[in-house]
Every structure is written in structure tokens, then in C-alpha cells.
Amino acid sequence: LQDWPCRHAVTTLRARPTQRRSSHVNDLNPRQREAVMAITGPVLVLAGAGSGKTSVITRKIAYLIQECGLPAHKILAVTFTNKAAREMKERAGKLVQGPEARGLTVSTFHTLGLNMLKRHPDQFGLKKNFSIFDAEDSRTLLGELLHKENASDRVDLVRNLISDFKNNLLTPEAAVSRANTEGELFAATVYGTYERHLRAYNAVDFDDLIGRPTLALQDNPTLREHWQNRVHYLLVDE
């Protein structure tokens with residue numbers, strides 16, 4: 001669990017009586033209660049399966065909104081799978097309802113990345129209504145590119161390496177410079193061609209939904225400031 005408050009949110013919340021016990025924490029154990037009520041700095045909770053991590057996050061959402069007066073649209077909760085996101089959203093919906101829940105975002109990392117791309121397509125070199133290539137679309141494109149190189153039998157290998165490059169936040173240029181084997185160098189070269197074709201199609205692939213926003217937040221101060229002002233509390237359920 002990661003609690004990441006924006007400076008403005010901390011100032012606002014400190015002005016309110018945030019330390020009183022509420023119904024959201026009464027039935028929690030001391031450590032869970034501590035995690036829910038910590039609002040002025042990062043919090044990391046390490047716990048085993050079934051120990052209540054998701055409950056802590058949903059209680060914290062309710063606590064921030066109902067006890068601290070934080071608008072729901074300033075809170076973002078993310079997890080890895082669609083199933084986990086649905087469960088978290090359902091739990092939060094039982095605690096926070098109606099107008100006070102308006103704007104609350106609970107999603108997967110990939111959905112969050114997609115929403116960022118949709119909000120600011122121009123910041124990512126995209127046009128509106130861009131396409132998302134699924135695994136089969138990517139494989140088909142790579143098959144066409146590798147057919148020209150008489151290397152159709154290497155589609156899966158190249159696709160996996162390109163996915164690794166993207167997950168390690170490597171651009172095609174960086175992938176070429178860091179290649180340690182002939183196979184990696186070949187894949188890195190194809191990676192550059194593959195990216196040019198994606199741009200021509202006004203498309204991104206599944207790995208781009210995390211990679212592109214991450215790189216943009218690192219390199220684009222304007223975009224970073226926008227999301228820092230948009231999200232005052234980021235809650236991560238791993």
C-alpha cells in the first residue's frame with residue numbers, strides 16, 4: 001500500500017481533526033488502523049494473502065473522503081487485474097456512495113495508462129481515437145516486418161524481446177545500444193521499425209499502456225504537474 005499525498009492535500013487535511021476514531025477503523029487491528037489513518041506521508045504495508053490489505057485500502061478511501069473531507073476525484077486506487085479492481089470498487093462502493101463518491105477512480109495500471117493517453121493524446125504523439133493493438137495484432141505486424149527480413153520463424157522471440165524492452169522502459173535507440181547478443185541487436189533493430197509502423201497506424205500496443213505514461217511522467221514536467229495536481233492520494237494494491 002502506497003500513500004502519496006500531494007503537498008496541497010496535506011495542507012488541507014492538516015487543518016481538519018483527522019485523528020479521531022471513526023467507524024471505518026474501529027474494527028481494525030492497530031497496524032491496519034495506523035495504515036488507514038496515516039495521511040501525511042508515504043506508507044508501505046507488507047502482509048500476507050488474506051490479511052486485509054484490500055480492506056485497508058477501501059477503508060482508507062472512505063476515511064479520506066468522509067473523515068478528512070478530501071474530494072473523491074483526488075483519490076486514485078490501482079491494482080493489477082481486472083478482477084481485483086472490480087472487487088476493490090465494489091468494496092469501496094459499499095462504504096462511499098452517492099455524490100461523495102463522484103470521481104473516485106479504481107482501476108488497473110493498464111486502464112490508468114489508457115486513460116492518461118486518452119486525456120492527452122498529443123503529449124504522446126497520438127491523435128484522438130487511436131487504436132490499441134492486442135497480442136495478435138502485434139504478432140501480425142511483426143510477422144509482416146520479419147517476412148521482409150526472411151525471418152518469419154523468429155516472430156515470437158522478437159515479440160517477447162520487444163515486450164521486455166518496453167517493460168524495462170527502453171526506447172529503440174537504448175535497446176540497440178544495450179544489446180548484448182546478436183539476437184537482442186536484431187530484435188532492437190526491428191523494434192525501431194515496429195514503433196514507426198505503430199505511429200503510422202496511430203496505435204499503441206498493450207505494453208505501451210504502462211511504458212509510455214511512465215516515460216512521459218519522468219520526462220514531461222507539464223504532464224507530471226497536471227497529474228500531481230489531479231491525484232492527491234495514490235493507493236496501490238499489489
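These legends walk through a few views of a predicted model, from the whole chain down to single residues.

**View 1. The whole chain, with its 11 helices and 5 strands.** Start with the overall picture: measured out along its principal axes, the C-alpha trace covers about 70 × 35 × 30 Å. There are 238 residues in the chain, and 46% of them are buried. Take the contacts between residues at least 6 apart in sequence, and 72% of those link residues at least 24 apart.

**View 2. The surface and the charges of the chain.** The accessible surface adds up to about 13,300 Å², and carbon and sulfur atoms account for 50% of that. As for charges, the chain carries 32 positive and 27 negative ones, and their mean positions sit 10 Å apart.

**View 3. Helix H9, residues 182-200.** Here's a helix of 19 residues. From first C-alpha to last, H9 runs 28 Å, close to the expected 27 Å. Which of its residues are buried? They are Phe186, Ala187, Ala188, Val190, Tyr191, Gly192, Tyr194, Glu195 and Leu198. Right after the helix comes Asn202, with a positive phi of about 50°.

**View 4. What covers the buried residues of H9.** Several neighbours share this job, and the cover includes both helices and strands. Among the helices are H6 (135-148), H7 (155-167), H8 (172-178) and H10 (208-219). The strands include E3 (131-133) and E4 (203-205).

**View 5. Asp208, a buried residue in helix H10.** Why does Asp208 count as buried? Because its relative accessibility is 4%, and the cut-off for buried is under 20%. Its side chain makes a polar contact with the side chain of Lys166, at 3.0 Å. Leaving out residues up to four places away in sequence, Asp208 touches Lys166, Glu195, Leu198 and Pro213. Two of those names, Glu195 and Leu198, should ring a bell from View 3, where they appear among the buried residues of H9.

**View 6. His232, in the loop between H11 and E5.** This loop joins up the picture between helix H11 (221-230) and strand E5 (233-237). Is His232 buried or exposed? His232 is buried, with a relative accessible area of 9%. Look for Asn229 here too: its backbone oxygen lies 3.3 Å from a polar atom of the His232 side chain.

Technical notes: Residues are numbered from 1 along each chain as its sequence is written. This is a predicted model: local features need pLDDT of at least 70, side-chain atom pairs count only at pLDDT 80 or more; totals for chains, interfaces and linings use all residues. Side-chain values use heavy atoms; hydrogens and water are left out. Helices (H or I, at least four residues) and strands (E, at least two) are DSSP runs, numbered from the N terminus. Buried means under 20% relative accessible area, exposed over 50%, partly exposed in between (1.4 Å probe, protein chains only). Contact means heavy atoms within 4.5 Å. Accessible areas come from the Shrake-Rupley method with a 1.4 Å probe; for residues, only the protein chains shown count as cover. Lys and Arg count as positive and Asp and Glu as negative; His and the chain ends are not counted. The place of a charge is taken as NZ of Lys, CZ of Arg, CG of Asp or CD of Glu. The expected span of a helix is 1.5 Å times one less than its number of residues. A polar contact is a pair of N or O atoms within 3.5 Å; within protein, one must be able to donate a hydrogen and the other to accept it, and residues adjacent in sequence count only if both atoms are side-chain atoms.
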